[in-house]
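Q: I'd like a close look at one part of this model rather than a tour of everything. Could you pick a starting point and work outwards from there?

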Amino acid sequence: MTRSRSRLPLPPAHAERFETVCPFCSVGCGYTAFRWPSPRYGGPAPQRNALGVDYRVPQAPLTGRPYTESMYAEIRHRGRPHRLALVPSDASPVNRACDHSSRGGSRAQSTYAPQRSTHTRLTRPQLRVGETWVDLEWREAEALLAEVLANVIDDHGADAVAAKTFDHGGGGGGFENNFAVGRLLFEAIGTQSVSIHNRPGYNSEVWGSRDRGVHELNASLEDARLADTLVLWGANPFETATVLFTSHLLPNLRGETASEKQLAFGDEARPPTRVVLIDPRRTATVVASEAAAPGRVLHLRPRLGTDVVLADALARVVYEEGWSDRSFIEARTDPESFESYRRKSLRLDVPYARVLAEASRFTEIPIALIVTAARWMAEPKSATTRRRTLTYYEKGVIWNHRNLDTVAAVVQLSALAGNLGRPGTGCSRQGGHQEGYVRPPYPGPRPPPNVDAWLARGGGRLFWVMGSNPFLSTPGATEFARSMTERVRRVDHALTSAGASKSSRAKRIREALSSGDGLFMVVSELYPTATAKAAHLILPAAGWGEMDLTSISCHGRLLRLYSAFMDPPGEARPDWAIAAGVARAVRKLYLKRGRTKDARRFAGFDWKEAEDVFLAGGETFPDNRVDASGGDQLPAECYRGVTYDRLRELGQTGIPTPVRQDPKSGELVGTVRRYTHRFNTSDGRFRWHGSAPWDGHPAAVEKYLSGTRARKHPFWLTNGRTQRWWQTGFHDALDEDKRASVPYPFVEVHPEDARELRIETGDLVALFNEEGRETFQARIAHSTKRGVLFALQYHARGSSNALVSTSAVDPTTTIPYYKGTRVGLSRLSTRPDAKPSKIAPNVLE
């Protein structure tokens, strides 16, 4: 599929070495970047290459030092050609023995180079005038945006400035970019019209956990290796957090961590590890677990949207069978809220048998399996020894029906059995990406407004999209793209009829925005995405490897430095520098207008280096000179006192957040495991939540369950990710191998359903409902149950989010219900080379 090299250049022994972290998924595998000038290269003898490996002989399978063609690239540094080898680090505690996924293992190929497909990167600020893109200097772009921004605030109020932005770590965010962007939006501009990259409001996906006093990242990789039972709920780590599974969960299942358990627990019983998987699909994780631990894998497949019912039923079993940890409940949880939990969630006034019968009917899981799952999760190992159960949950829980109740129910199931704060336990997100959140407080309410829906109704006058692609990723994506494009086009005439000066353009834009519901759209991005192509102003962003960046992994919260090792393309800048430049331009404008009070809000953006932003963000955390008990109440990502020099010194080992400064020695101390001493509430006690009884599916889905609509839309549809295509495919769409393996967004269809519809693997099919219509390539597989489809969530050629209702959001959190809707299915073509322009509205070619 791709041209192979006859010779793979090895880094010479003198190559420069940089420690970094894979920017993709939540695991945060460590990588070492070797850079050396072209055209030099090392040799296969160990003393002649920087890896110190003898490549004159074959490497041992699985345990050798990998170096493949996908780990090599040609880059530029300080304007001159250099070579790059990006290999798994041999010092990382995360990806042990140089383990790596297909994402990290091919990351070198997605670095920028004019001779590779990444040449499509954005390199200069551009303004769209009609159908023509005009290059701007940065000062011109900043001055124009500053004037439009100030005019919108003056004419329509700060909330008329809307934004869709990242709030994470890894390649697109990190503490530096998050702090600068958050400070600009929340303190300088003061807008509440901000939504997060994968949802329509500015909210936490896990208030259901945080309100209990439990931050969602509370366990460590050590816990994954020490647990007696692993629970993977709505999570598919083998595909989406690969090295968490292969380097940590799988060794535990195989019994390979027995010596670690012996060291940690002494003579405590160590039964063979079990795993409970809760997922409507038979995923790759299920299959791999069954191969590794036959007889010790339990797979529950709930009806879509009913996970809250299942979680509360499991908790009722734990309570009724006497498996709850009463000493933990009495000593460490709030008694008043526990009574509410017992009455509402456990439904103690309803007979036990009836609760189980109803749960089985709603979830379509046999009672015997519910009881077995509860036993595996909570039954003590002996009269004096409690089971150690670690739960990882992810989008199958978070993006489910009744977000807050479902997340709370899963966390409370762990608390009921005392599985928080002890080695080998926890209830933690698997995570989709790494984290790097440090921002001023969001100025809006809770729950936040649905900004995407508000924009689609004509709200706002300036829309700034930062590091996201909502034309693929937001609920009702196709309709959102259409409505935004229409609003943007209403301002186009202002630019085509204005002169070339900044003042003339800003004046005409102001007039256009005041005379209707037009929208001025700005995109900060790496590539010309579908969203970027609709914008008026594009600002080119620097990416991973092109800037110093810090983030934390999700499984242990390891804070590490991702070192820059190459030039960004053209004039691209880090997002923190883009935000700072615009803020300075607005301040200059207000000072020129004699408005010193307004100018003052935009002061303090005079950072010179990435570390300046990092340190400024660190100062916003509370005083961390506390003991270990006080550390449990620090913000999860607190890094106050940490410097880049310290992170360079720590290298791949990093330091787990929250970081505290020992009150006696002043030394920085990381936190391996959270909530050993207290929970993050005012009195340190866990807060329980009583949820309402099952009341059916949301109206946007319920409408498809009867009458004519039910006949037209007979399939349940859920969605998710795949190993070979990361997120919206911003990098992967350019990789020839990945594009060939996932040429279209795919949908998995059960063989019996496929036979009735005369569909075969490879056929192009349409999925449709009243929200939208998208084209997918069929894959016939037993992974789904009859009547249930699974679709890839994002792809350059379309998104299953086009079929998700914009109204199906949790009213208490504004989190969408992405994971369940109803659709019809029809075959379009058996030709895999059918012209995509005729079948897929989101084609970007």
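A: Let's start at glycine 322, which sits just after helix α9 and takes a positive phi of about 75 degrees. Before going further: this is a predicted model, where local features need pLDDT of at least 70 and side-chain atom pairs count only at pLDDT 80 or more, while totals for chains, interfaces and linings use all residues. Residues are numbered from 1 along each chain as its sequence is written, and side-chain values use heavy atoms, with hydrogens and water left out.

Now back up into the helix itself. α9 covers residues 307-320 (helices are DSSP runs of H or I with at least four residues, strands are E runs with at least two, both numbered from the N terminus). How does its length check out against 1.5 Å a residue? Its 14 residues should span 20 Å, and the end C-alpha atoms are 20 Å apart, so the two agree; the expected span is 1.5 Å times one less than the number of residues. α9 is also mostly covered, with 13 of its 14 residues buried (buried is under 20% relative accessible area, exposed is over 50%, and partly exposed is in between, using a 1.4 Å probe and protein chains only).

Step back along the chain and you reach strand β11, residues 297-300. Both of its faces are covered: Val297 and His299 are buried on one side, and Leu298 and Leu300 are buried on the other. β11 runs parallel to β10 (residues 274-278), and four bridges join the two; strands pair here if DSSP finds at least two bridges between them. One spot to click on is isoleucine 278, which stands opposite leucine 300 in β11. To get from β10 to β11 the chain goes through helix α8 (residues 284-292), and that β-α-β crossover is right-handed: with the strands pointing away from you, the path from the first strand over the helix to the second runs clockwise.

β10 has another partner, β9, and that pairing is parallel too, over five bridges. Here leucine 230 stands opposite valine 275 in β10. β9 itself takes in residues 229-233, and five of its five residues are buried. Thr229, Val231 and Trp233 point one way, with Leu230 and Leu232 pointing the other way. β9 also pairs with strand β12 (residues 389-393) in the parallel sense, over five bridges, and in that pairing tryptophan 233 stands opposite tyrosine 393.

From these strands it's a short hop in numbering to the second largest cavity. Of its 29 lining residues, Gly234, Asp279, Gly396, Asn719 and Lys819 lie nearest the centre (a cavity is a set of points on a 1 Å grid over the protein atoms alone where a 1.4 Å probe fits but cannot get out, and lining residues have an atom within 4 Å of a point). Which elements supply at least two residues each to this lining? α14 (395-398) and β22 (715-720) do, and β22 gives the most, with three residues.

For something well away from here, try glutamate 771, in the loop between β24 (764-768) and β25 (773-780). At 21% relative accessibility it counts as partly exposed. Its C-alpha lies 44 Å from that of asparagine 252, with the two positions 519 residues apart in sequence numbering.

Methods: On a 1 Å grid over the protein atoms alone, a cavity is a set of points where a 1.4 Å probe fits but cannot get out, and a pocket is an open set with protein on both sides within 12 Å along at least five of seven lines; lining residues have an atom within 4 Å of a point.
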